Amino acid sequence: LSVAPVEDPVVMSKIRQNLREKHARHIADLRAYYDSEIQSLKQQLEANLSFECFEKLVYLYVLNRCEQLDAALNEASARIKALENKNNLLEKQVAEWRERFQALSSTSRALQERIEDMRTSHKDKDNTISRLQARLRELQEAFDKAYKLSDNKNTRLKEENKMFQNLIGEYESLGKEHERVKDTLNTTENKLLDANTQISDLKRTILKLEAQLKQVEHENMLKLRH
């Protein structure tokens with residue numbers, strides 16, 4: 001029992017079959033023992049009592065002993081049935097918790113991958129913002145130089161000013177997108193923490209259920225040996 005994996009239904013079925021066979025052999029051994037005891041009593045009583053009296057005594061003794069054995073057998077069978085039902089219930093609970101654990105593990109891995117992708121995207125957008133800021137500074141310097149050199153280049157200044165305004169709009173749009181990405185990243189990280197907490201709770205519950213299952217199996221073995 002300590003070597004066989006608990007989650008294997010084939011192994012558990014073989015274990016229960018072996019227990020039933022051992023129980024049947026135990027009952028047969030008890031019957032053989034009491035048959036031998038009856039024969040010994042017959043030999044002792046035949047020397048002192050008549051055959052009719054001996055037959056009555058043996059009949060009463062066997063009848064009483066059979067009633068006791070039937071009662072013990074019924075009690076043991078009921079206990080074994082109850083333990084088997086409890087084993088089946090615990091096996092189902094362990095399977096359900098294991099499925100939930102696997103589902104949460106998959107969700108956690110997916111969230112982790114999504115966070116990594118968002119971090120990569122966030123880093124790329126940071127680099128893009130940095131390049132736009134550098135370009136913006138270059139255009140600002142060019143605009144200042146052009147404004148100082150000549151007032152007659154109004155057309156060029158208007159075009160550069162338009163480009164400058166477009167870059168400012170793009171920069172602001174990227175800034176807003178950057179903030180949205182940050183908020184999404186924080187929300188996803190919180191979900192990942194919740195999932196990890198649930199996984200830890202499920203691990204503790206599975207360990208507790210497996211310990212209860214081993215305890216029930218141990219009680220079953222003790223009852224069968226008794």
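Okay, let's start with the aromatics: searching the whole structure turns up 1 aromatic pair. That pair is Tyr 33 with Tyr 34, edge-to-face, with 5.0 Å centre to centre and 70 degrees between the planes. Keep in mind that this is a predicted model. The two rings don't share the same kind of setting, by the way. Tyr 34 is buried, at 15% relative accessible area, while Tyr 33 comes out as partly exposed, at 49%.

Now, stepping back to the overall fold. What pattern does the chain follow along the sequence? Reading along, you get α-α-α. So that's 3 helices and 0 strands. The chain has 226 residues, and 22% of them count as buried. On the surface side, the chain exposes about 16500 Å², with carbon and sulfur atoms supplying 52% of that.

Contacts next. If you take contacts between residues at least 6 apart in sequence, 81% of them join residues at least 24 apart.

Let's move on to charges. As a reminder, side chains of opposite charge can pair when their charged atoms come close. How many salt bridges does a search of the whole structure find? The count is 7. I'll walk through a few of them.

One goes between helices: Arg 98 with Glu 210, where the closest N and O atoms are 3.4 Å apart. Arg 98 sits in helix α2, which covers residues 51–149, and Glu 210 sits in helix α3, residues 154–225, so this pair ties together parts that are 112 residues apart in sequence. Buried or exposed, then, or something in between? Arg 98 is partly exposed at 25% relative accessibility, and Glu 210 is partly exposed too, with 26%.

Another one stays inside a helix. Glu 116 and Arg 119 meet through their side chains in a salt bridge, 3.6 Å from N to O. Both belong to helix α2, and because they are 3 residues apart there, about one helical turn separates them. Glu 116 has a relative accessible area of 37%, which makes it partly exposed; Arg 119 is partly exposed as well, at 40%. And this pair has company: Glu 116, Arg 119 and Glu 189 are linked in a network of salt bridges.

Then over in helix α3 we have Arg 180 and Glu 177, again 3 residues apart, about one turn of the helix. They form a salt bridge whose closest N and O atoms are 2.3 Å apart. For exposure, Arg 180 is partly exposed at 46% relative accessible area, and Glu 177 is partly exposed at 26%.

Last topic: empty space. Searching the whole structure for cavities of 30 Å³ or more gives 2. I want to show you the second largest cavity, with about 40 Å³ of space in it. Which residues line the second largest cavity? They are Leu 139, Phe 143, Glu 160, Met 163 and Phe 164. The elements giving two or more residues to that lining are α2 and α3, and α3 gives the most, with 3 residues.

To wrap up, then: in this predicted model, the helices α2 and α3 come up together twice. They are joined by the Arg 98 and Glu 210 pair, and both contribute to the lining of the second largest cavity. That's what I had, so over to you for discussion.

Methods: Residues numbered from 1 in each chain as written. Predicted model: local features only at pLDDT ≥ 70, side-chain atom pairs only at ≥ 80, totals over all residues. Heavy atoms only, no water. Phe/Tyr/Trp six-rings, centres within 6.5 Å; stacked < 30°, edge-to-face > 60°. Buried < 20%, exposed > 50% of the residue type's maximum accessible area, 1.4 Å probe, protein only. Helix = DSSP H or I, 4+ residues; strand = E, 2+ residues; numbered from the N terminus. Contact = heavy atoms within 4.5 Å. Areas by Shrake-Rupley, 256 points an atom, 1.4 Å probe, with all protein chains shown as cover. Salt bridge = Lys/Arg side-chain N within 4 Å of Asp/Glu carboxyl O. 1 Å grid on protein atoms, 1.4 Å probe; cavity = no way out; pocket = protein on both sides within 12 Å on 5 of 7 lines; lining within 4 Å. Points joined across faces, edges and corners; volume = space filled by probe spheres on them.
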